[in-house]
Amino acid sequence: MSTNAKPYKETLNLPITKFDMKANLTVKEPLFQARWANQDLYGQIREARKGQEMRVLHDGPPYANGEIHMGHLLNKVLKDIVVRYLTMRGYDSPYVPGWDCHGLPIEHKVAKDLGSKAAGMAATEIRALCQVEAMKWVGIQRDQFKRLGVSGDWDHPYLTLDRRYEAGILDVLADLVEKGYVFRQLKPIHWDIHDRTALAEAELEYEEVTSPSVFVLFPFKTGMPSALGDGPWSAMIWTTTPWTLPANVAIAAHPNLDYVGVRFVDPTTGKTIQAVLAAALVDKVLSLRGITEVTEVARFKGAELESSTYQHVFLPRTGRLVMADYVSAEDGTGLVHTAPGHGAEDYMTGQKYGLPTLSPVDATGRFTDEAPDWLVGKGVFVANPEVVAKLEELGVLYHQMPLRHSYPHGWRSKKPVIFRATAQWFISVEHQGLRAQTLVAINGVRWLPSWGKSRIDAMVGGRPDWCISRQRAWGVPIPVLTCELTGYQHLTATSVRFYRDLFRNEGANAWYSRSVAELVPPDLDTTKYPVENLTKGTDILDVWFESGSSHRAVLDEPTYGLNRPAYLYLEGSDQHRGWFQSSILTSVAANGVAPFQTVLTHGFVVDEHGKKMAKSGGNAISAVKATEQYGADVLRLYVASMDYAEDVRMSEKGIKEASEAYRKIRNTFRYLLGNLEDYASFDPASFEVADLQEIDRWMLGQLNALIRDVTAAYETFDFYRASQRIYQFCSVDLSSFYLDVLKDRLYAEAAQGAERRAAQFVMAKLHETLVTMLAPIMPHTAEEIFDLTPRSATKPASVHLAYWPTPDPSFEDAELAARWDTLREARESILVALEGLRKEKEIGSAQEAAVAIVTSDAKLAQLLESNRATLLTICMVSDLVIVHRSGEDNQKLTVHASKSTHLKCERCWNYRQTVGGSARHPSLCDRCVRVLAAFTSEA
RNA sequence: GGGCGCAUAGCUCAGUUGGCUAGAGCGUACCCCUGAUAAGGGUAAGGUCCCAGGUUCGAGUCCUGGUGCGCCCA
């Protein structure tokens, strides 16, 4: 008999499964995706949840340009996890992905490809090329998002270039026009005087140039700080753009900086000069002309200058001193020449103080007749020396010198650009208290993390009016007709709605392709403004206005089947300034309420050192390549394992660690499936709960706790808590404990016996629960597992149609759980003792050992004694005795382990006293003899 | 320069209202098993809790100031 160990092995119930240990995700995932597409799983889910409470995660549209990167992956995977979870919880949670298709980067790309040809092309032609470019990337990104396993209505996404969407944008605009939010105002923008075109920040290239820098004395008129005493005093300003002096209306100082009034003698003219400038810059400025003798007359804070006025040096204009935080004592004089028509900061300050925005310069960079006579018709750069000469002539030029500095140039013309004020369209944030209303609406939204609220609060609270016009071709036109004779501009709610309907039928291209006569809206009086005098506006809307209108264009659009307000907006934290803000502003202005109930933000993907991940930085991991190499489920598990509220660190090492975690989870399922292979034929209705052993009940109690914890984590979008909890459960509670302990029962007991069936009952529960709770994170693997799940007749067609698990109250047992804590502690001590024996080469497996526990704690001894059989089982040792020694002071237990003196059962490998008790099976223990007897009779 | 954040073992995370001899899993090292086997089990080592002050009997936890990193703005 000693030679036929093999036949005994064949009487064991060893695991069998078709579920491969090797995931092979890169091959399998596309197959599952194809299958889901074929069976229209997304449609099935919609159908299954029809009529249930709706929870819409409204997709923020990524820009249709370039391949997806890790930031996209993070964002889309988080969204998909949310949507899948909500669906399993029974909500109707549709997901309509979108793309932001208009805007500068695409137009810029097209213009670059066209080169010099672009100049002569019609807007319609450029727009057609832009559309092709945008749609190309929509296609590419869509495939890449789908490859990540993101579930949604990919065949019907929303596109901002879609006719319906364009109409939606104008619908919002019409509301805002109707309510009086939209107005026109001058604003300085970057202007290329060579190409006669407006430029965006992204179209500027900075190059070194030499400019004439001048120090100019502007005489104070009134309100100077009293410490200065009697005048005359001058404010000394410094500028590198003398040509902007005709537009000077103010001088800016920093309120907290120290300023001084100094008296010195001009070494050339011998005249005494009294000038005010920043205290920190006096020595530097005077040394420019070698002046060493100086008297400080007074010293004061910049704030004291606020009420003073001055006389413009060559214009009959009184300017005023204003306060600005951007003023520094780094260079210049600490007093900044301010021309709101010729600078971005100047403009902001001008808005704050209600200063006029002067810009007496035409599109070619020549002074208009609003400028002084001696400048009219001259180009601004040509005029620089003339302005300097004039200053000198007037005796207000303290000093001049050439300065080498970086200056913006047009990307195409390569020529220096200027700031020039042009009329732009704005949305007033003060009109009808829009700012205040928005702040109230912000207060009613749930911001996650909570600091998101203070962030957007500060941004909305401090933002200026919203400039919504752009001088570009690729976007939705601001549909305004201008009468060239009178200058009248027609933009009314009626006209905008007229174009809305037109765009809905023909798209925004109609504005460019149709004649003016065809575009006359019903409320425009052509007797007053004859058609021949009308021209079409060439401005388009800011793309943030476009995407910010998605609550109207998408959520309110019946064809998408969504609703408003959205349950959730989920984007990176940069969108507090971007989409969240543009959305809530337009929504509050148009509808009076926020478009979302909850706003969840995530951080940015950074590298392993916490540095930003950038293509140019050489530290970027390609999302597309990583997916091809590791599989979407691994990356999804990786994303789900990190707290995205902060920056998300991603590295090759991290992905490898995620792969290991994935394999551990996968193997746990493989083991569950391997032992459930014959469970399909088992009727669970015939199962007696009473057959469950104590460890099984304990396990089901643990599973309840797991369900509760994981559900709570999903509810608060803390997926990392969920995935880590599940992972540790698989590793600690299952693999290294419960499933390990279960082996003896699963393998050695009778296949159909109550002992093994009880174990399988628990394993089936574990399997079913875990696969459901993991499905949002690893949808492909979950489906693969679900396919192989026993009792396939009653289960849904896909795990993604299943419902979220709930704890089973019948397995709540606090007494049992507490007792098991003690038992597991005892087990820990026993394992340490076994390791000692192993080191001494006394034993290999635990089964070879016999253990004695000694304790002076009577209660503990009693508890252990009454659970002796259980403890024996969970430690997998062959023998166990508990000794209570009352005299000793070892309160804790002591473990004595030794090699078992029993013989090894050839079938179950336990060392038992009963081995040899059967004549028929002399190498087996009594249990195996009993099982074999039944086995034989069954067969 | 300003606003909003973040900083605990190699990695990912725990550490309620200040009481910690700072925990978990993974990874690592070593060992066992060979009936989950490109698997499984065990044991162990690993931290001046970013730095410097302060409050307190006591601070990873509170305050102040730095440093580094991210987003947004200038």
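Here is a short chat about the cores and empty spaces of this predicted model.

Me: What should I know before we start?
Reply: Residues are numbered from 1 along each chain as its sequence is written. In this predicted model, local features need pLDDT of at least 70, and side-chain atom pairs count only at pLDDT 80 or more.

Me: What makes the set of 151 residues a nonpolar core?
Reply: A nonpolar core is a set of buried Ala, Val, Leu, Ile, Met, Phe, Trp, Tyr and Cys residues joined through side-chain atoms within 4.5 Å, where buried means under 20% relative accessible area with a 1.4 Å probe, protein chains only. The largest such set here has 151 residues, and Tyr738 and Leu871 have the most contacts inside it. Helix α22 (residues 719–748) gives the most, with 14 residues.

Me: Why is the group with Ala252 and Leu305 called a second core?
Reply: That core of 67 residues is separate, and it also includes Phe314 and Leu335.

Me: What makes the largest empty space of its kind a cavity?
Reply: In a cavity, on a 1 Å grid over the protein atoms alone, a 1.4 Å probe fits but cannot get out; lining residues have an atom within 4 Å of a point. By this rule there are three cavities of 30 Å³ or more. The largest has a volume of about 100 Å³, the space filled by probe spheres set on the points, which are joined across faces, edges and corners. Its lining includes Tyr42, Arg46 and His800, and α4 gives the largest share, four residues.

Key: Chains lettered and ligands numbered in written order. Heavy atoms only, no water. Buried < 20%, exposed > 50% of the residue type's maximum accessible area, 1.4 Å probe, protein only. Helix = DSSP H or I, 4+ residues; strand = E, 2+ residues; numbered from the N terminus. 1 Å grid on protein atoms, 1.4 Å probe; cavity = no way out; pocket = protein on both sides within 12 Å on 5 of 7 lines; lining within 4 Å.
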